[in-house]
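Trainee: Could you take me through one part of this model up close, the helix packing, and then whatever sits around it? I'd like one connected account rather than a list.

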Amino acid sequence: LENMLFGMGNPLLDISAVVDKDFLDKFGLKPNDQILAEDKHKALFDEIVKRTKVEYHAGGSTQNSVKIAQWMIQEPHKVATFFGCIGSDRFGEILKTKAEEAHVDAHYYEQNEEPTGTCAACITGDNRSLVANLAAANCYKKEKHLDLDSNWELVEKAKVYYIAGFFLTVSPESILKVAKHASDKNKLFCLNLSAPFISQFFKEPLMKVMPYVDILFGNETEAATFAKELGFETDDIAEIAKKTQNLPKVNTKRQRVVVFTQGKDDTVATVGERVTMFPVVDIDQNDIVDTNGAGDAFVGGFLSALVQEQALEECIRAGHYAANVIIRRVGCTFPDKPDYH
């Protein structure tokens, strides 16, 4: 299983703190959203580190997911390879250490023009508003890293590929190279819609990669935005899943699978010609600490079963389990071992 799962994305250090509505209003944030930092958010990063209960965790959507896949699998180590760009600084060193502790085979492209990226996770109740300052993560270069023989060999070793849609803002050409490789070799390429702004403002690179996507993930909000941008003229999530499944596909040997999570509501997935609902694990509202990382965890659990060639139903069950564990904890963190059978 070593290096069977390949992930590429924005490695970020999460700075997580409980805030109030005034804090959200001050910076014009929605309670539950993901956005890229703009100039007006500069002060937010200075302020959030001064909050009483501030926590630092290795983050970045794709990196979270491959870590959770590794955690679910446990042995062997280094099932997952991860590529992304960091700075030569303290935060970068933390990310390296954390990846090692998680037994992920991280190969970072290191540069010193920009500092390691951060993501402010502003927690209110069971909502989280994420503001990502990509910095170094935005400096990933295909020709300086992905194209190097020693790195590309790791890509070729894998049989399942996962990239969050967030990386479309950084290096669409890197995504396409990996996606085409997967398609040519009849391997599995998975993508996440990641956030409404991806479908809205990065629709062109998103649709360039869509013909190579074997498994597409997203949540209900992202699915609705995607449908709107593509003119599907429906807000029925099952219908959106079906229409998304039927978008053009290069490798016709595999039918596209579309999986949409809906928080505490059923997960919607295309199973052959049908659309099926999969109920999530029941949880008491009071046990939810924060939902940051729930979507990443779902994908991580799903990928852990997928890499082991399990059926779609099993992949979804593993995803639901992982998400259920993560929402009981701060950030995208997990106990020593999963209790999953």
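Mentor: Sure. Start with α12 and α13, which are oblique to each other. Keep in mind that this is a predicted model. The angle between helix α12 (residues 294–307) and helix α13 (residues 312–326) is about 140 degrees, and their axes lie 7 Å apart. An angle over 145 degrees would count as roughly antiparallel, so at about 140 degrees this pair stays in the oblique class. The crossing of α12 past α13 is right-handed.

Now look at who touches whom. On the α12 side, the contact includes Ala294, Ala297, Phe298, Gly301, Phe302, Ser304, Ala305 and Leu306. From α13 come Leu312, Glu314, Cys315, Ile316, Ala318, Gly319, His320, Ala322, Ala323 and Ile326. Sorted by class, that contact has 13 nonpolar, four polar and one charged residues.

Stay on α13, since α3 meets this helix too. The axes of α3 and α13 come within 11 Å and cross at roughly 105 degrees, so the two helices are roughly perpendicular to each other. Ile68, Trp71 and Met72 of α3 are in contact with Ala318, Tyr321, Ala322, Val325 and Ile326 of α13. By class, the residues in this contact are eight nonpolar, no polar and no charged. Notice Ala318, Ala322 and Ile326: they appear in the contact with α12 and again in the contact with α3.

From α3 you can step to the second largest pocket. Helix α3 (61–73) is among the elements that give two or more residues to its lining, along with β4 (54–59) and α4 (90–101). With four residues, α3 gives the most to that lining. The pocket holds about 450 Å³ of space, and 18 residues line it. Nearest its centre are Lys67, Lys98, Glu101, Ala102 and Phe334. The class split of the lining is six nonpolar, seven polar and five charged residues. Set that beside the contact of α3 with α13, where no polar and no charged residues take part.

Follow the chain on from α3 and you reach a backbone detail. The loop between α3 and β5 (80–87) holds proline 76. A cis peptide bond joins glutamate 75 to this proline, with omega at about -5 degrees.

For another helix pair, go to α6 and α7. The axes of helix α6 (residues 149–157) and helix α7 (residues 172–184) come within 10 Å, crossing at roughly 40 degrees. That makes α6 oblique to α7, and α6 passes α7 in a right-handed crossing. In this contact, Trp152, Val155 and Glu156 of α6 meet Lys177, Val178 and His181 of α7. The classes here come to three nonpolar, one polar and two charged residues.

One last backbone detail to check is serine 194. This residue sits in the loop between β10 (188–192) and α8 (196–201). Serine 194 has a positive phi of about 70 degrees although it is not a glycine.

Technical notes. Residues are numbered from 1 along each chain as its sequence is written. This is a predicted model: local features need pLDDT of at least 70, side-chain atom pairs count only at pLDDT 80 or more; totals for chains, interfaces and linings use all residues. Side-chain values use heavy atoms; hydrogens and water are left out. Axes are lines fitted to C-alpha atoms, for helices over the stretch in contact, and angles run from 0 to 180 degrees between N-to-C directions. Angles under 35 degrees count as roughly parallel, over 145 as roughly antiparallel, 65 to 115 as roughly perpendicular and the rest as oblique. A crossing is left-handed if the near helix is turned anticlockwise from the far one by less than a right angle, and right-handed if clockwise. Contact means heavy atoms within 4.5 Å. Ala, Val, Leu, Ile, Met, Phe, Trp, Tyr, Cys and Pro count as nonpolar, Asp, Glu, Lys and Arg as charged, and the others, Gly among them, as polar. On a 1 Å grid over the protein atoms alone, a cavity is a set of points where a 1.4 Å probe fits but cannot get out, and a pocket is an open set with protein on both sides within 12 Å along at least five of seven lines; lining residues have an atom within 4 Å of a point. Grid points are joined across faces, edges and corners, and a volume is the space filled by probe spheres set on the points.
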